[in-house]
Amino acid sequence: MEAVAETAAAKKEAKSSGGARNAAVKKFLAANQNRLLIGNKWIPAKSGKTFEAVNPANEQVLAKCAEGDKADVDEAVKAARKAFSQGAWANTSPHDRSRLLRKWADLIEKHADELAELESLNNGMAITLAKQFVATAVESVHHFAGFASKIYGETVPSEPGMFNFTLRDPVGVCGAITPWNAPIVMATWKIAPALACGNTVILKPAEQTPLTALFLADLLLEAGLPEGVVNVITGFGPGAGSSISEHPGIDKVAFTGSTEVGKKILAASVGNLKRVTLELGGKSPNVVFPDANMETAVPYSMAAFSMLSGQVCVAGTRLFVQRECKDQFVDNLVKFTSTIKVGDPLDPETTMGPLASKEQYDRVKGYLEIGKKEGAKPTVGGSMMDREGYFVQPTIFEGVKNDMQIAREEIFGPVVSIIPFKDEDDAVLQGNDTTYGLGAAVWTRDVSRAFRVARSLKAGTVWVNNYYAFDPSMPFGGYKQSGLGRECGAHWYEHYTETKAVFVKL
């Protein structure tokens, strides 16, 4: 009886904390109710409003977060502007900025277990994937920290009696609006480069997944963040996000999210011609030729559409397979897809958790119905799962044409469309027949073909005989309606600095 009572008590406690298991995470959730970070102070929203952060695996409330809006953004801009132009940050050396970022990276690594569990709880991603994402965040912050003292101007050949050179000045106050699919990585990709260049930041995390942003902010304070340098406003797009996009006191906005919202942010930027970088949607072609190494191509192609429950902007959701090998390839893909273990994201054996929100659950459900109505046939899956939480079956659609809605629009779920092609030219033609251009992949043993197709596909990232390889030293961004500008890489600082030409009379 005692064991039964203890089990019941444990279940009750887990439910009260939304399913959290780590003691530090439970403590964090209990403490992080209704607070914004402005000027290094945790304060409630001026309106007093809150919203719920939910665990998508069990639909339980994890925490009540402050619903920031324009009034709160105004205060954050004041704090960030003061830090940029008058506070300690204005006179901080690049070496000190580097030290702060490295200390932050070390703290993220130290608290990796708590961050991974919190990310899994709030987003629904499998815990093993969450741990990989935390490691990516650590690596990324170190990458930008190393650049802080290496953002160079140039000495320009000058006429006699003159000395001409350029400087790179920080842009100023940067708004950062991040998505819900990889919250920790996206937050570090926005905050770290801005700080490395000497800017200040106002971060608005996605309303679906605000919790790890608050945890990261706590770690920044612990690292010794000067007052007002990073401010965090939780809230909704209309209200908090729109206020950042429109604010005349914000000099740059970096956004990752949907193309639809990205267009609104770009339109809002005209008020003060603020700098804008956008990493937007995708409908990436994954092209398989008959001479590909199928032992690698099949499992990677499965991961390309199912990782993070398909909620990845570069997901390979248009799978082009040459007709000669299509049937055999699909048979093997079906076998691999059947091994996906959908379930509790905190279970280390789980390979796919739920979708991140009820909104996304309804969106994917709608597209599954659209696909069937268009005449596509689900070889695997094709419906939602009858269980608690926002779970969906990984789905493989055959009989898909490149002009169908499920092949044109970003679903953001574990749904792949198999599209046959005739030859290399046909693969490139169909692959590029999209409004997007974020990612692409090609599978072949023919090196010449690999180079030809990689060059021909209109995408910001092209993988050859692999998928989802990332390195912060490589640029990331998209062609066409997949965005503006690039994150990471060697020239990322161009988006966070202004170039100043200086003419000196000798």
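Biologist: Let's start with Arg275, which residue does its side chain meet in a salt bridge?

Modeller: That's Glu498, with the N to O distance at 2.7 Å. Keep in mind that this is a predicted model.

Biologist: Where do Arg275 and Glu498 sit in the chain?

Modeller: They come from distant parts of it: Arg275 is in strand β11, residues 275–279, and Glu498 is in strand β22, residues 497–505. The two are 223 residues apart.

Biologist: Buried or exposed, what's the call on Arg275?

Modeller: Neither, really. Arg275 has a relative accessibility of 38%, so it counts as partly exposed. Glu498 is partly exposed too, at 30%. The cut-offs behind that are under 20% for buried and over 50% for exposed.

Biologist: How many salt bridges do you get in total?

Modeller: The count comes to 19. As background, side chains of opposite charge can pair when their charged atoms come close.

Biologist: Got one within a helix? What does Lys372 pair with?

Modeller: Lys372 pairs with Glu369, at 3.7 Å from N to O. Both lie in helix α13, three residues apart, which is about one turn of the helix. On accessibility, Lys372 is partly exposed at 33%, and Glu369 is partly exposed at 38%.

Biologist: And Arg449, what's the story with its salt bridge to Glu424?

Modeller: Their closest N and O atoms are 3.6 Å apart. Arg449 belongs to helix α16, residues 447–456, while Glu424 belongs to helix α15, residues 424–431. That pair is 25 residues apart and links distant parts of the chain.

Biologist: Are those two buried or exposed?

Modeller: Both Arg449 and Glu424 are buried.

Biologist: Which residues are in the network with them?

Modeller: Asp291 and Arg452 join Glu424 and Arg449 in one network, through salt bridges that share partners.

Biologist: OK, switching to sheets. What's the strand order in the one with seven strands?

Modeller: It goes β14-β15-β16-β13-β12-β17-β18. The sheet is open and the pairing is mixed.

Biologist: Which strands are at the edges?

Modeller: β14, residues 377–380, and β18, residues 461–464, each pairing on one side only. Going from neighbour to neighbour in this sheet, the strands are turned by 25° on average, with direction ignored.

Biologist: How do β17 and β18 run, parallel or antiparallel?

Modeller: Parallel, with four bridges joining β17, residues 439–443, to β18. One position to click on is Ala441, whose bridge partner in β18 is Trp463.

Biologist: Back to α13 for a sec, which strands does it lie across?

Modeller: Helix α13, residues 358–373, lies across β14, β15 and β16. Its angle to β15 is about 25°.

Biologist: What about the sheet of three strands, what's its order?

Modeller: β5-β6-β22, open again, with antiparallel pairing. β5 and β22 each have a single partner strand, so one side of each is left without a neighbour in the sheet. And β22 is the strand that holds Glu498 from your opening question.

Biologist: How many bridges hook β6 to β22?

Modeller: Nine, with the strands running antiparallel; β6 covers residues 162–170. Within that pairing, Asn164 stands opposite Phe503 of β22.

Biologist: Helix packing now. At what angle do α4 and α5 pack?

Modeller: About 70°, with the axes 5 Å apart. That makes α4 roughly perpendicular to α5, because angles from 65 to 115 degrees fall in that class.

Biologist: Which residues make the contact?

Modeller: From α4 you have Ile108, Glu109 and Lys110, and from α5 there are Ala112, Glu114 and Leu115. They divide into three nonpolar and three charged, with no polar ones.

Biologist: Last topic, backbone oddities. What's phi at Asn40?

Modeller: About 65°, positive even though Asn40 isn't a glycine. Asn40 is in the loop between β1 and β2 and is partly exposed, with a relative accessible area of 23%.

Biologist: And where is Lys480?

Modeller: Lys480 is in the loop between β19 and β20. Its phi is also positive, near 50°, and Lys480 is partly exposed at 41%.

Note on methods: Residues numbered from 1 in each chain as written. Predicted model: local features only at pLDDT ≥ 70, side-chain atom pairs only at ≥ 80, totals over all residues. Heavy atoms only, no water. Pairing = 2+ DSSP bridges. Axes fitted to C-alpha atoms, helices over the stretch in contact; angles between N-to-C directions. Contact = heavy atoms within 4.5 Å. Parallel < 35°, antiparallel > 145°, perpendicular 65-115°, else oblique. Nonpolar A, V, L, I, M, F, W, Y, C, P; charged D, E, K, R; others polar. Salt bridge = Lys/Arg side-chain N within 4 Å of Asp/Glu carboxyl O. Buried < 20%, exposed > 50% of the residue type's maximum accessible area, 1.4 Å probe, protein only.
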